[in-house]
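Q: I'd like a close look at one part of this protein and what surrounds it. Could you walk me through it in plain words?

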Amino acid sequence: MLFGDRLELKTVNEGINAVRTTAGAALIDIRPKSEYAKGHVKDAINIPYNRIDLAVNRLRDKDALYYVCGDYNHRPKKYLKEFKKYGFTNIHSCGFMEDHKVKPLG
């Protein structure tokens, strides 16, 4: 297994653990804003899949460690190339929100 392969996590829980134990790391939720509002991981940054251009202004350190979660319709691995196109160098997939239970907000 190559080092880069280990960073492609299979579950959101693995991504949460990695972010919480790595200084400067962040979890990005690429689901639409309406889905994010229904429930999300605490401190996850919502950058909808169709607005990845927002990442340039919201995430200043393009070399920081980022994990991307999505859902079955908005597969995080599919959008990694978009983030990389904007210069993010250390961004990885970590699975689907359907596989992670979150309490609805409100």
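In which strand does Leu27 lie, and which residues is Leu27 in contact with once its neighbours within four places in sequence are left aside?

A: A quick word on the ground rules: this is a predicted model, where local features need pLDDT of at least 70, side-chain atom pairs count only at pLDDT 80 or more, and totals for chains, interfaces and linings use all residues. Residues are numbered from 1 along each chain as its sequence is written, and side-chain values use heavy atoms, with hydrogens and water left out.

Now to Leu27. You'll find Leu27 in strand β1, residues 26-29 (helices are DSSP runs of H or I with at least four residues, strands are runs of E with at least two, numbered from the N terminus). Leu27 has a relative accessible area of 4%, so it counts as buried (buried is under 20% relative accessible area, exposed is over 50%, partly exposed is in between, with a 1.4 Å probe and protein chains only). Setting aside neighbours within four places in sequence, Leu27 is in contact with Ile16, Val19, Val41, Asp43, Ala44, Ile45, Tyr67, Cys69 and Cys94 (contact means heavy atoms within 4.5 Å). Gly15 sits twelve residues away along the chain, with 7.1 Å between its C-alpha atom and that of Leu27.

Asp43, one of those contacts, is a bit of an oddity. It belongs to the loop between α3 (33-38) and β2 (45-46), and its phi is positive, about 75 degrees, although Asp43 is not a glycine. Asp43 counts as exposed because its relative accessibility is 66%.

Next door to Leu27 in the numbering, Ile28 is among the residues with the most contacts inside the largest nonpolar core, which has 16 residues (such a core is a set of buried Ala, Val, Leu, Ile, Met, Phe, Trp, Tyr and Cys residues joined through side-chain atoms within 4.5 Å). Strand β1, β3 (66-70) and α5 (76-85) each give this core at least two residues, and α5 supplies the largest share, three residues. Leu59 is another of the residues with the most contacts there; leaving out residues up to four places away in sequence, it touches Ile28, Ile45, Ile47, Tyr66 and Phe88. There's also a second, separate core of 14 residues, including Ile16, which is one of the contacts of Leu27.

Finally, β3 and β4 run parallel and are joined by four bridges (strands pair if DSSP finds at least two bridges between them). Gly70 has Phe96 as its bridge partner in β4.
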